[in-house]
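Notebook open, model loaded. I'm writing down what I looked up, in the order I got to it.

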Amino acid sequence: MNADAVAVSVTPRRRPWLGYALATVALWGVWGALSPLSAAHGFPDTLVYCVWALTMLPPALYILWRGGWQLERSPRAIGYGLVIGLLGAGGQMLLFHTLTIGPAYFVFPVISLSPVVTIALSFLLLRERTGWQGTLGIVLALVALPLLDFSFGSGEAGLGWFLQSLLIMLAWGLQAFFMKLANDSVRAESIFAYMTVGALLLAPVALAMTDFSQPINWGLDGPWMTAGIQILNAVGALTLVYAFRHGKAMVVAPLSNAGAPLVTAVLSLLFASVVPGPLKTVGLVLALVASLLLVLEPEREPAQRPLS
C-alpha cells in the first residue's frame with residue numbers, strides 16, 4: 001500500500017448519518033416532552049396510536065413524491081418494510097397492555113435496553129466495529145438509558161409484565177437491526193412507506209382495545225393536538241431510517257436512544273420545573289458524555305486491501 005492509499009484510509013469521511021441522527025434526537029426529544037399532554041387532556045393511548053399511525057402518512061407520501069413515486073415492489077422490499085413497521089408498531093401495542101399490568105418504573109428501564117440487541121446483532125452479523133471512543137460512548141449510553149427511564153410509581157409486580165417488557169425490548173432492538181439491514185438493498189423511501197403500512201395494519205387492533213364507554217376528548221386539544229405531537233414522532237422515524245442508511249447501527253441506535261431522553265429531560269427542566277432525582281441526574285450526565293463521544297467518534301475509510 002502506497003502513501004496515497006494510507007492517506008485516503010485515515011481521512012475522515014463526510015458523515016451524513018450524523019445530521020439525520022441528531023434530527024431524530026431533537027424530534028423525539030420534543031415529542032417525549034409533549035406526549036403526556038394527550039392523556040392529560042382525556043385522549044386515550046390506544047387512540048393516540050391510531051393518530052400516530054395516520055401521521056406516518058404525510059412524511060411517507062412526501063418522500064415518495066420527492067423520489068418520483070418509485071415504490072419498490074420486490075418481495076425483499078415489502079418484506080423488510082413490513083417487518084420493520086410491524087416490529088415497531090407491535091412493540092408499541094404490547095406496551096399499552098404491559099403498562100396496565102406492570103410498574104412503569106420497571107417496564108421502561110427494561111425496554112430502554114433495546115440497543116443492546118441492535119449492537120449485538122450488528123457486531124455479530126454485520127461485522128460492524130468502532131474505535132475506543134465509540135465503544136466507550138456505547139457503554140455509557142447503555143448504562144445511562146435505564147437511569148433516564150427510571151421513575152417511581154405504583155404498579156403490581158409479576159412475571160407477566162417482565163416477559164412482555166423483554167418482548168418489547170427484543171422487538172425494538174430487532175426493528176433497528178432490520179432497518180440497517182434493509183438499507184443495504186432497499187431504498188429508504190420504500191422502507192418508510194411499508195413501515196407506514198405496517199403501523200396502519202395494527203390500527204384496528206388499537207381501536208378494538210379502546211374503551212369507548214369512558215369519556216373521550218374529541219376537541220382541538222384531543223385528536224388534533226395529538227396529531228401535532230405525533231407528527232414529530234413520525235418525522236423522527238423517517239430521519240432515523242436515513243441515519244441507519246448512512247451510519248453504523250451500533251452507533252446510531254445508542255445515540256438516538258440516549259440523546260432523545262436527554263432532550264426530553266432538559267425540556268422538562270426548563271418548562272415544567274421538574275427536578276430530576278439522583279439516578280436521573282447521573283443518567284443525564286452519562287447520556288450527555290455518551291452522546292458527545294458518539295458524535296465525535298472519527299469515521300475512517302476502510303483500509304484498502306493489497307492487490308493480489
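**Entry 1: N233 and its partners.** I started with N233, and not counting neighbours within four places in sequence, N233 touches W28, W31 and W52. This is a predicted model, so I'm reading everything here as prediction. N233 sits in helix α13, which runs over residues 220-246. Is N233 buried or exposed? I get a relative accessible area of 12% for N233, and it counts as buried because the cut-off is under 20%.

**Entry 2: across to G29.** Next I checked the distance from N233 to G29. The two are 204 residues apart in sequence, yet their C-alphas are 9.2 Å apart in space. G29 belongs to helix α2. With a relative accessibility of 0%, G29 is buried. What does G29 touch, apart from neighbours within four places in sequence? I noted T24, A260, V263, T264 and L267 as its contacts.

**Entry 3: helix α2 as a whole.** Since G29 is in α2, I looked at the whole helix. Helix α2 covers residues 16-34, which makes 19 residues. From first C-alpha to last it reaches 28 Å, close to the 27 Å expected at 1.5 Å a residue. I then listed the buried residues of α2: W17, L18, A21, T24, V25, W28, G29 and G32. Where do they sit around the axis? They take up an arc of only 125 degrees, so they are on the same side of α2. Two names on that list had already come up: W28 is one of the contacts of N233, and T24 is one of the contacts of G29.

**Entry 4: helix α5, buried side.** Same check on α5, residues 57-66. Here P59, A60, I63 and L64 are the buried ones. Their arc is only 130 degrees around the axis, so they share the same side of α5. What do these buried residues pack against? I found α4 (45-55), α11 (188-201) and α13. Helix α13 is where I found N233 in my opening entry.

**Entry 5: helix α5, other side, and the patch.** On the other side of α5, W65 and R66 are exposed. W65 also turned up in a nonpolar surface patch, together with L54, L57, L61, Y62 and W69. The accessible area of the patch comes to about 660 Å² for these residues together. Which helix supplies the largest share? That is α5, with 4 residues. I looked up Y62, which lies in α5, and its relative accessible area is 43%, so I have it down as partly exposed.

**Entry 6: just past α5.** I went on along the chain to see what follows the helix. G68 comes after α5, and its phi is positive, near 75 degrees. W69, from the patch, also has a positive phi, about 55 degrees, although it is not a glycine. I flagged that, because most residues other than glycine have a negative phi. W69 is in the loop between α5 and α6 (75-101). Its relative accessibility is 49%, so W69 is partly exposed.

**Entry 7: salt bridges.** How many salt bridges does a search of the whole structure find? The search gives 1. The side chains of E189 and R187 make a salt bridge, at 3.6 Å from N to O. Its two ends are covered to unlike degrees: E189 is buried at 16% relative accessibility, while R187 is partly exposed at 28%.

**Entry 8: V205 and M93.** One more long-range pair for the page. V205 and M93 are 112 residues apart in sequence and 8.4 Å apart in space, C-alpha to C-alpha. V205 is in helix α12, residues 203-209, and at 40% relative accessibility I've put it down as partly exposed.

**Entry 9: the whole chain.** Last, the totals. The protein chain has 15 helices and 0 strands. It has 308 residues, and 46% of them count as buried. About 15,200 Å² is exposed, with carbon and sulfur atoms supplying 70% of that. Of the contacts between residues at least 6 apart in sequence, 91% join residues at least 24 apart.

Notes:
Residues numbered from 1 in each chain as written. Predicted model: local features only at pLDDT ≥ 70, side-chain atom pairs only at ≥ 80, totals over all residues. Heavy atoms only, no water. Patch = residues over 30% accessible without salt bridge, like charges linked within 9 Å, V, L, I, M, F, W, Y side chains within 5 Å. Areas by Shrake-Rupley, 256 points an atom, 1.4 Å probe, with all protein chains shown as cover. Salt bridge = Lys/Arg side-chain N within 4 Å of Asp/Glu carboxyl O. Helix = DSSP H or I, 4+ residues; strand = E, 2+ residues; numbered from the N terminus. Buried < 20%, exposed > 50% of the residue type's maximum accessible area, 1.4 Å probe, protein only. Contact = heavy atoms within 4.5 Å. Expected span 1.5 Å × (residues − 1). Arc of directions from axis to C-beta.
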